[in-house]
Amino acid sequence: MPRILAIDYGQKRTGIAITDEMQIIASGLTTIASETAIVFLNDYFAKEKVEKVLIGEPKQMNGEPSQSTEIIEKFVTKFKNNFPDMAIERVDERFTSKMAFQTMIDSGLKKKQRQNKALVDEISATIMLQDYLTRQ
């Protein structure tokens, strides 16, 4: 069974998470520099079967688009141009960074480790993906 991949795209870094082959468990895959996202995904899609990509949709508390919406929309357009046959689903990513940080605290990571923004991005993508799986 193909996997589902989640992308927490940011201006500098992009967190990526992936499901297992049964699409039951979400796991953090990596955090990459955002400018390398298309190249990374091209390589990854050549190695692994992925049926759908979730891309975070940042919103403010009132549901309006956030400041980073423009950056992410440009990435979505670029993604669609490079991978026209890949199914995309946009998912609400509100609170994922806060939840990721709390997860790091709950798992006992030291303060220095919790300052690793790349890890926060990867955990955010994982939370976004696991939430999607739970709702299915």
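Start by selecting β4 (residues 50-57) and strand β5 (residues 87-92) in this predicted model. The two strands pair in the parallel sense, over 6 bridges. For a landmark within this pairing, pick Val53 and look across to Ile88 in β5, which stands opposite.

Stay with β4 and add strand β1 (residues 3-9) to your selection. Here, too, the pairing is in the parallel sense, this time with 5 bridges. Val53 is useful again: Leu5 stands opposite this β4 residue.

Now bring back the rest of the chain around β4. Is this strand enclosed or open? Of its 8 residues, 6 are buried, so β4 is largely enclosed by the rest of the structure.

Next, select helix α1 (residues 37-47) together with helix α2 (residues 69-82). Their axes come within 11 Å of each other and cross at roughly 35°, and the crossing is right-handed. Show side chains where the helices meet: α1 brings Ala37, Ile38, Leu41 and Phe45, while α2 brings Phe75, Lys78, Phe79 and Asn82. Coloured by class, this contact shows 6 nonpolar residues, 1 polar and 1 charged.

Finally, zoom out and colour by secondary structure. You should find 5 helices and 5 strands, and tracing from the N terminus gives the order β-β-β-α-β-α-β-α-α-α. Across the 136 residues of the chain, 41% are buried. If you switch to a surface view, the accessible surface is about 8100 Å², with 50% of that belonging to carbon and sulfur atoms. As a last stop, consider the contacts with a separation of 6 or more: 62% of them join residues 24 or more positions apart.

Technical notes. Residues numbered from 1 in each chain as written. Predicted model: local features only at pLDDT ≥ 70, side-chain atom pairs only at ≥ 80, totals over all residues. Heavy atoms only, no water. Axes fitted to C-alpha atoms, helices over the stretch in contact; angles between N-to-C directions. Helix = DSSP H or I, 4+ residues; strand = E, 2+ residues; numbered from the N terminus. Left-handed = near helix turned anticlockwise from the far one by under 90°. Contact = heavy atoms within 4.5 Å. Nonpolar A, V, L, I, M, F, W, Y, C, P; charged D, E, K, R; others polar. Buried < 20%, exposed > 50% of the residue type's maximum accessible area, 1.4 Å probe, protein only. Areas by Shrake-Rupley, 256 points an atom, 1.4 Å probe, with all protein chains shown as cover. Pairing = 2+ DSSP bridges.
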